[in-house]
Amino acid sequence: DMLESALEKSAQQALDAEQERGKVLKRAALAESCVDRLQKEILDLNCEIACAREEGGLALSAHGSFQALLVTKDEERAQVHAQMRALEQELKTSNRTDAHVQCA
């Protein structure tokens with residue numbers, strides 16, 4: 001009778017252990033699925049970060065080119081103003097000379 005009781009107890013423990021093993025395997029599979037999903041999300045985020053960095057770099061490059069163009073245009077504008085002042089001065093000098101010649 002004790003042997004039968006011990007066998008039943010052992011069989012029940014084996015059944016309980018098998019059920020627990022099944023639960024652990026399900027949790028492990030779920031955890032693995034979560035890890036896979038998170039790894040995919042990390043890859044997607046890394047791609048988004050790389051794209052954002054590239055777009056940011058392009059924007060900075062475009063901004064730098066625009067700034068350089070503005071500097072060039074400012075320099076051209078300054079040259080044109082200098083030429084205009086020189087021409088105005090020449091005109092004033094020429095008008096004075098013409099007036100002096102007419103008076104003489």
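Start by selecting Glu18, which counts as partly exposed because its relative accessibility is 47%, a value that lies between the 20% and 50% cut-offs for buried and exposed. The model you have open is a predicted one, and this residue has its place in helix H1. If you add Glu8 to the selection, you will find that it is ten residues from Glu18 in sequence and that the two C-alpha atoms are 15 Å apart in space.

**The whole chain**

Now zoom out until the full protein chain is in view, and colour it by secondary structure: the chain has one helix and zero strands, and helix H1 covers residues 2-103. Turned along its principal axes, the set of C-alpha atoms fills a box of roughly 150 × 15 × 10 Å. The radius of gyration of the protein chain is 44 Å, whereas a compact globule of 104 residues would have one near 13 Å.

With the surface switched on, the protein chain exposes about 9,500 Å², of which carbon and sulfur atoms supply 61%. Of the 104 residues in the chain, buried ones make up 0%. Colouring by charge brings out 13 positive and 19 negative side chains, and the centres of these two sets lie 7 Å apart.

**Salt bridges**

How many salt bridges does the structure hold? There are six of them, and the next selections visit some of these pairs.

Return to Glu18 and show Arg21 beside it, since the two form a salt bridge in which the closest N and O atoms are 3.5 Å apart. Both residues lie in helix H1, three residues apart, which is about one turn of the helix. Arg21 is partly exposed, with a relative accessible area of 48%.

Move on to Glu20, which forms a salt bridge with Arg27, with 3.8 Å between the closest N and O atoms. Glu20 is itself partly exposed, at a relative accessible area of 39%.

Then select Arg37 and Glu41, whose side chains meet in a salt bridge at 3.0 Å, N to O. This pair also sits in helix H1, four residues apart, or about one turn of the helix. Arg37 counts as partly exposed at 46% relative accessibility, and Glu41 is partly exposed too, with a relative accessible area of 37%.

**A nonpolar patch**

For the last stop, select Phe66, Leu69 and Leu70, which together make a nonpolar surface patch of about 280 Å². Leu70 lies in helix H1, and it counts as partly exposed because its relative accessibility is 38%.

Conventions
Residues numbered from 1 in each chain as written. Predicted model: local features only at pLDDT ≥ 70, side-chain atom pairs only at ≥ 80, totals over all residues. Heavy atoms only, no water. Patch = residues over 30% accessible without salt bridge, like charges linked within 9 Å, V, L, I, M, F, W, Y side chains within 5 Å. Areas by Shrake-Rupley, 256 points an atom, 1.4 Å probe, with all protein chains shown as cover. Salt bridge = Lys/Arg side-chain N within 4 Å of Asp/Glu carboxyl O. Helix = DSSP H or I, 4+ residues; strand = E, 2+ residues; numbered from the N terminus. Buried < 20%, exposed > 50% of the residue type's maximum accessible area, 1.4 Å probe, protein only. Rg over C-alpha atoms; globule rule 2.2 N^0.38 Å. Lys, Arg positive; Asp, Glu negative; His and termini not counted. Charge placed at Lys NZ, Arg CZ, Asp CG, Glu CD.
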